[in-house]
Amino acid sequence: MMKQRFIGIVHRIKKTAKGEARPTLVCIQIGESQAMYLLETETDELDFLLHRFPIQFREIEPDEDLSGFLPRQLKWKKLAKDYDLTEIAENHRRQVDGVWYQAVKAPVKFEGFEANDTVAMILGGSGDRFAYAISRRSEEIGSRI
């Protein structure tokens, strides 16, 4: 039988008075062990909600098909301006704002909200949308808030 998971969530602050961003902090406790994750964006929160937040990565093989991953789930390396792009498979590279990147790592382990989880979270402010989403999802998968 699986041990009960307890999840504590402190929602992110987009910008503090000092101009610092603070990500959403998630702590998962299973028995005596704990794991903590930082969810930097609303997209990270969505990925956690849907149990597709990557937490462990591996190197990518040169001829590997990456179509099974979302681009945001991959780790990317910035390429030099004069880099020969023909050396990289088409689905291993992408351009963002005129800069080319190469995929270097793919996820092998994901974390997120599961059936039977118990979640504790403070309400208020910008965290209400995430709290609502978790509450709605908990009804679908059978967990507690």
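In the predicted model, helix 1 is followed by His51, a residue with a positive phi near 55°. His51 belongs to the loop between helix 1 and strand 4, and the positive phi is found here in a residue other than glycine. Most residues other than glycine have a negative phi. With a relative accessibility of 28%, His51 counts as partly exposed, because the partly exposed class lies between the buried limit of under 20% and the exposed limit of over 50%. A second non-glycine residue with a positive phi is Asp97, for which the angle is near 50°. Asp97 is placed in the loop between strand 6 (93-96) and strand 7. The relative accessible area of Asp97 is 78%, and this residue is therefore classed as exposed.

At its N-terminal end, helix 1 is capped by Thr41, a side-chain oxygen of which lies 3.3 Å from the backbone nitrogen of Thr43. The buried residues of helix 1 comprise Asp44, Glu45, Asp47, Phe48 and Leu49. An α-helix has 3.6 residues a turn, so residues three or four places apart point the same way. The partners against which the buried residues of helix 1 pack are strand 1, strand 2, strand 3, strand 4, strand 7 (99-111) and helix 2 (128-141).

Within helix 2 is Arg137, which counts as partly exposed at 22% relative accessibility. Not counting residues up to four places away in sequence, Arg137 touches Leu49, Leu50 and Phe113; of these, Leu49 is one of the buried residues of helix 1. The C-alpha atoms of Arg137 and Glu114 lie 9.4 Å apart in space, with a separation of 23 residues in sequence.

The chain as a whole contains two helices and eight strands, arranged from the N terminus in the order β-β-β-α-β-β-β-β-β-α. It has 145 residues, 31% of which count as buried, and its C-alpha trace spans about 50 × 45 × 30 Å along the principal axes. Of the contacts between residues at least 6 apart in sequence, 57% join residues at least 24 apart.

The pairing of the N-terminal strands was examined next. Strand 1 pairs with strand 2 (residues 24-30) in the antiparallel sense through six bridges, and Ile7 has Ile28 of strand 2 as its bridge partner. Strand 2 is in turn joined to strand 3 (residues 33-39) by seven bridges, again with an antiparallel course; here Cys27 is bridged to Met36 of strand 3. Strands 2 and 3 form a hairpin with two residues between them, and Gly31 in the turn adopts a positive phi of about 60°.

Arg5 is located in strand 1 (residues 5-10). Its relative accessibility is 5%, and Arg5 is therefore counted as buried. The side chain of Arg5 makes a polar contact of 2.9 Å with the side chain of Glu111. In addition, a polar atom of the Arg5 side chain lies 2.7 Å from the backbone oxygen of Gly112. Apart from neighbours within four places in sequence, the residues in contact with Arg5 are Ile28, Gln29, Ile30, Glu111, Gly112, Glu114, Asn116, Asp117 and Thr118.

The largest pocket encloses about 240 Å³ of space. It is lined by 13 residues, of which Pro54, Phe57, Arg72, Gln73 and Lys75 are the closest to its centre. At least two lining residues come from each of helix 1 (42-49), strand 4 (53-59) and strand 5 (75-78), and strand 4 makes the greatest contribution, with four. By chemical class, the lining comprises seven nonpolar, one polar and five charged residues.

The loop between strand 4 and strand 5 also holds Phe69. Leaving out residues up to four places away in sequence, Phe69 touches Arg58, Glu64, Leu74, Ala106 and Pro107. Phe69 and Pro107 are 38 residues apart along the chain, whereas their C-alpha atoms are separated by 8.3 Å.

Technical notes:
Residues are numbered from 1 along each chain as its sequence is written. This is a predicted model: local features need pLDDT of at least 70, side-chain atom pairs count only at pLDDT 80 or more; totals for chains, interfaces and linings use all residues. Side-chain values use heavy atoms; hydrogens and water are left out. On a 1 Å grid over the protein atoms alone, a cavity is a set of points where a 1.4 Å probe fits but cannot get out, and a pocket is an open set with protein on both sides within 12 Å along at least five of seven lines; lining residues have an atom within 4 Å of a point. Grid points are joined across faces, edges and corners, and a volume is the space filled by probe spheres set on the points. Ala, Val, Leu, Ile, Met, Phe, Trp, Tyr, Cys and Pro count as nonpolar, Asp, Glu, Lys and Arg as charged, and the others, Gly among them, as polar. Buried means under 20% relative accessible area, exposed over 50%, partly exposed in between (1.4 Å probe, protein chains only). A polar contact is a pair of N or O atoms within 3.5 Å; within protein, one must be able to donate a hydrogen and the other to accept it, and residues adjacent in sequence count only if both atoms are side-chain atoms. Contact means heavy atoms within 4.5 Å. Two strands pair if DSSP finds at least two bridges between them.
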